[in-house]
Amino acid sequence: MPLIENGRAVADPWVSLADDAPLTPDSHVIVSFARWQAEREALSVRNAPLGVRLPSNVSADAIAPDLERFALVAVEFPKFRDGRGFSTARALRERYGYTGEIRAVGHVIADQYPLLVRCGVSTVEVPEGANVETWARTLNTMTVAYQAGLSAEEPLSLLRRRVTAA
Amino acid sequence: MTYMQPRHNAGIYRYDEVDRQFVRERVEQFRFQVERRLKGELSEDEFKPLRLMNGLYLQLHAYMLRIAIPYGTLTAHQMRGLSNIARRYDKGYGHFSTRQNLQLHWIKLEDTPDILGELAEFDMHAIQTSGNCVRNVTTDQFAGATPDEVVDPRVYAEVLRQWTAIHPEFSFLPRKFKIGITGTTNDRAAVRIHDIGLVAKKNAEGRIGFEVYVGGGLGRTPFIAPKTRDWVDEEDLIAYIEAVLRVYNQAGRRDNAFKARIKILVHETKLDKFIELVEDEFARVRGPKFRLEPEIVASIRSHFAPPPFEELPAVSESYARRRCEDPAFGAWTRTSVHPHKAPGYASVTISLKPTGGVPGDISSAQMNVVADLAERYSFGEIRSTHEQNLVLAHVKQDDLFALWQALSAVGLATANVGLIGDIIACPGLDYCSLANARSIPIAQALSERFADSARQSEIGDFKIKISGCINACGHHHVGAVGILGVDKKGEEFYQITLGGNAELDASLGDILGPALKADEAVDAVERIVELYLERRQPGERFLATLARIGQAPFKETAYAAD
């Protein structure tokens, strides 16, 4: 799946590991939250970067104590209308101070991209053949926001701020 | 720039270039979405929530565009703009909804970006008037004018309007989310039937804070919102709302649209536990990031500064004389005129419920007349009400007679505000794809049945509310008499409820018995009203009579065979 960061297609160093696939010792792997719970010891002794994939019904709180072990947290969107992931991403950044990569995976549409970024998401997995230009364009459509977010922003008067996405 | 500053200090939040840029960017964003939809790059499933969040709703015959009227306040200039759009893109009329917005029912998808572009030219939009996001914040139509006001709720309605506009975290909630706010204990905004109801108040030291109710709503599972906090400090308002929304966004049900409103979460979680979840979140988010700075409140409050009232005697002699001399004018003043805090002024409700008319409908020509009259008599400001009427909030008593004459000339002086003819009704099966039955013909038939104004004033305060389906857009649960349209094997039937009330002591009506056919339902309502007149004690309102004598006699008369 193509990966988008800052409105551009980028190479993806990560591999998503199926729950029954053997662990590779030295590559970037993303495991499911279930596998992390079942195999946390084996996963903890690896030296390569580890990522975890959170289903939409698992909140940030569930991995909060282990966050320093993860270089990446993938937040699943089972369908784009399911907005729980926005809160999960935001809680990871705001409540737990997570600074690693937050990746939106599953069903996300381009029009949600700027909102995801403002909730602290760094990268998005988009469908094969997605028009990257559309994603780049949606990122920059709204430059004024009325509430605190997590992307770069410059305060304007009242509640308003200038958002500089990418 | 076609923009004109509202004249005479109309009490409205005045946009600056930053606000205008936001709306213009939103229009261009939507134009791009429509282009992609028309090219097939966006599926209808993906486009749907995007168009809904821009107010565009697919109905039975056409698209409906729901234009936001933030907390029901607009200027004469904006009303003229709406009139023009209704004439050019619709059939020359619009419909005011129970959430203080304006709906145009005959819109083409491909026109919508241009319509939104035109709205932006006079600082209006349709952002978040539909969809699973925070909707237009509604409030008291007499805000800033009524003598019973403790705190002006418009200031906080505007704060919340801004904070919730394209909120990055809360644009894909489990379901729609409505906030209502009042600044008096005489709640005219029906706050306890909202997802969040706020009562702004002052403590002993004069500080402003909010009593908060969460989890009200009508629909198929109606709830009156329970109180979750007696006091939220002004500076914590945003933090507390964020906390409620975050708990809801994460824990609200997404498996069944009918169980997805926050009222179900509150109910299923149990109130104590729900409050605990919100308090935990509130404790975490409280702090500088979400603090509502007093300077910001002061700055927004300055937009709602009182207009320059003249110093006048408390009672206008000419007004008092005219009321006695002209019985028709007198009857209108008894229903349409509300007291004002400034001596010699009054707030006027313009009934959009002419006999036999469609509740809330107004023609483009009438909109222009209302705009002219607002400029001449009420500082250029107009309000819409959740009861689907309009208000001129600041009229000199000396001007009431002339205003009444001008309204009469265009059919806008029906003397039935607050009476039985002031019926709330949703658009129903005449327009809406969700409806099971038509609402408008029932409203029209009842309006005709009780057309006699002497009879209406004898009946007194009496609220009839009609919904064409269980989604309850016509608020039937909280009508003294509620009427719900149901479908029985392809035929329209109407179920009657008695004893609802939307004020702070809110109550839900009880179902009277089996649903009736349209003409039977109208007859039944008439007999219920007649029994009330027969059995009431002097000055007793319908709910009190009902409580005293019980539902049985009403049921008996409603179902009595002719």
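**Exercise 1. Two helices of chain B**

Task: Classify how α6(B) and α8(B) lie relative to each other in this predicted model, and list the residues that form their contact.

Solution.
- Step 1. Take the geometry. The axes of α6(B) and α8(B), the latter spanning residues 271-285, come within 8 Å and cross at roughly 130°.
- Step 2. Apply the cut-offs. Angles over 145 degrees count as roughly antiparallel, 65 to 115 as roughly perpendicular, and what falls outside the named ranges is oblique. The pair α6(B) and α8(B) is therefore oblique.
- Step 3. Add the hand. α6(B) and α8(B) make a right-handed crossing.
- Step 4. List the residues. From α6(B) come B:Ala239, B:Tyr240, B:Glu242, B:Ala243, B:Val244, B:Arg246 and B:Val247. From α8(B) come B:Leu277, B:Val278, B:Glu281, B:Phe282 and B:Val285.
- Step 5. Sort them by class. The contact of α6(B) with α8(B) has nine nonpolar residues, three charged and no polar.

**Exercise 2. A second helix pair**

Task: Repeat the analysis for α14(B) and α16(B).

Solution.
- Step 1. α14(B) covers residues 440-449 and α16(B) covers residues 518-535. Their axes lie 10 Å apart, at an angle of about 40°.
- Step 2. Angles under 35 degrees would count as roughly parallel. With its angle of about 40°, α14(B) is therefore oblique to α16(B).
- Step 3. The crossing of α14(B) and α16(B) is right-handed.
- Step 4. α14(B) contributes B:Pro441, B:Ile442, B:Ala445, B:Leu446 and B:Arg449. α16(B) answers with B:Ala518, B:Ala521, B:Val522, B:Val525 and B:Glu526.
- Step 5. The class count for α14(B) with α16(B) is eight nonpolar, two charged and no polar.

**Exercise 3. The five-stranded sheet of chain B**

Task: Give the strand order of the five-stranded open sheet in chain B, find its edges, and place α5(B) against the strands.

Solution.
- Step 1. The order is β6-β7-β8-β9-β10, with mixed pairing.
- Step 2. The edge strands are β6(B), residues 138-139, and β10(B), residues 227-233. Each pairs on one side only.
- Step 3. Look inside the sheet. β8(B), residues 196-202, and β9(B), residues 208-214, run antiparallel and share seven bridges. One partner pair is B:Gly197 with B:Tyr213 of β9(B).
- Step 4. Place the helix. α5(B) lies across β6, β7 and β8 of chain B, at about 155° to β7(B).

**Exercise 4. Two partners for β4(B)**

Task: Name the strands that pair with β4(B) through three bridges and through two.

Solution.
- Step 1. β4(B), residues 93-96, pairs antiparallel with β13(B), residues 361-363, over three bridges. Here B:Gly94 has B:Ile362 as its bridge partner.
- Step 2. β4(B) also runs antiparallel to β5(B), residues 102-107, and two bridges join them. B:His95 is matched with B:Gln103 of β5(B).
- Step 3. Check the connection. β4(B) and β5(B) form a hairpin with five residues between them. In that turn, B:Gln100 has a positive phi of about 70°.

**Exercise 5. The eight-stranded sheet of chain A**

Task: Which strands stand at the edges of the eight-stranded sheet of chain A, and which helix lies across β5, β6 and β7 of chain A?

Solution.
- Step 1. The open sheet has the order β2-β1-β8-β7-β6-β5-β4-β3 with mixed pairing.
- Step 2. β2(A), residues 8-10, and β3(A), residues 15-16, each have a single partner strand, so one side of each lacks a neighbour in the sheet.
- Step 3. β1(A), residues 3-5, pairs antiparallel with β2(A) over three bridges. A:Glu5 stands opposite A:Arg8 of β2(A).
- Step 4. The helix is α3(A), residues 84-94, which runs at about 160° to β6(A).

**Exercise 6. Domains and the chain contact**

Task: Describe how domains 1 and 2 of chain B meet, then how chain B meets chain A.

Solution.
- Step 1. The domain assignment divides chain B into domain 1 (17-121), domain 2 (145-302), domain 3 (317-409) and domain 4 (424-558).
- Step 2. The C-alpha centres of domains 1 and 2 of chain B are 26 Å apart. Four residues of domain 1 are in contact with five of domain 2. The domain 1 side has three nonpolar residues, one polar and no charged.
- Step 3. Turn to the chains. Their contact takes 31 residues from chain B and 27 residues from chain A. On chain B, the elements giving two or more residues are α1, α2, α5, α6 and α9. α1(B) gives the most, with eight residues.
- Step 4. By class, the chain B side has 13 nonpolar, nine polar and nine charged residues.

Key: Residues are numbered from 1 along each chain as its sequence is written. Chains are lettered from A and ligands numbered from 1 in the order in which they are written. This is a predicted model: local features need pLDDT of at least 70, side-chain atom pairs count only at pLDDT 80 or more; totals for chains, interfaces and linings use all residues. Two residues are in contact if their C-beta atoms, placed from the backbone, lie within 7 Å. Helices (H or I, at least four residues) and strands (E, at least two) are DSSP runs, numbered from the N terminus. Ala, Val, Leu, Ile, Met, Phe, Trp, Tyr, Cys and Pro count as nonpolar, Asp, Glu, Lys and Arg as charged, and the others, Gly among them, as polar. Domain bounds come from an automatic or database domain assignment. Axes are lines fitted to C-alpha atoms, for helices over the stretch in contact, and angles run from 0 to 180 degrees between N-to-C directions. A crossing is left-handed if the near helix is turned anticlockwise from the far one by less than a right angle, and right-handed if clockwise. Two strands pair if DSSP finds at least two bridges between them.
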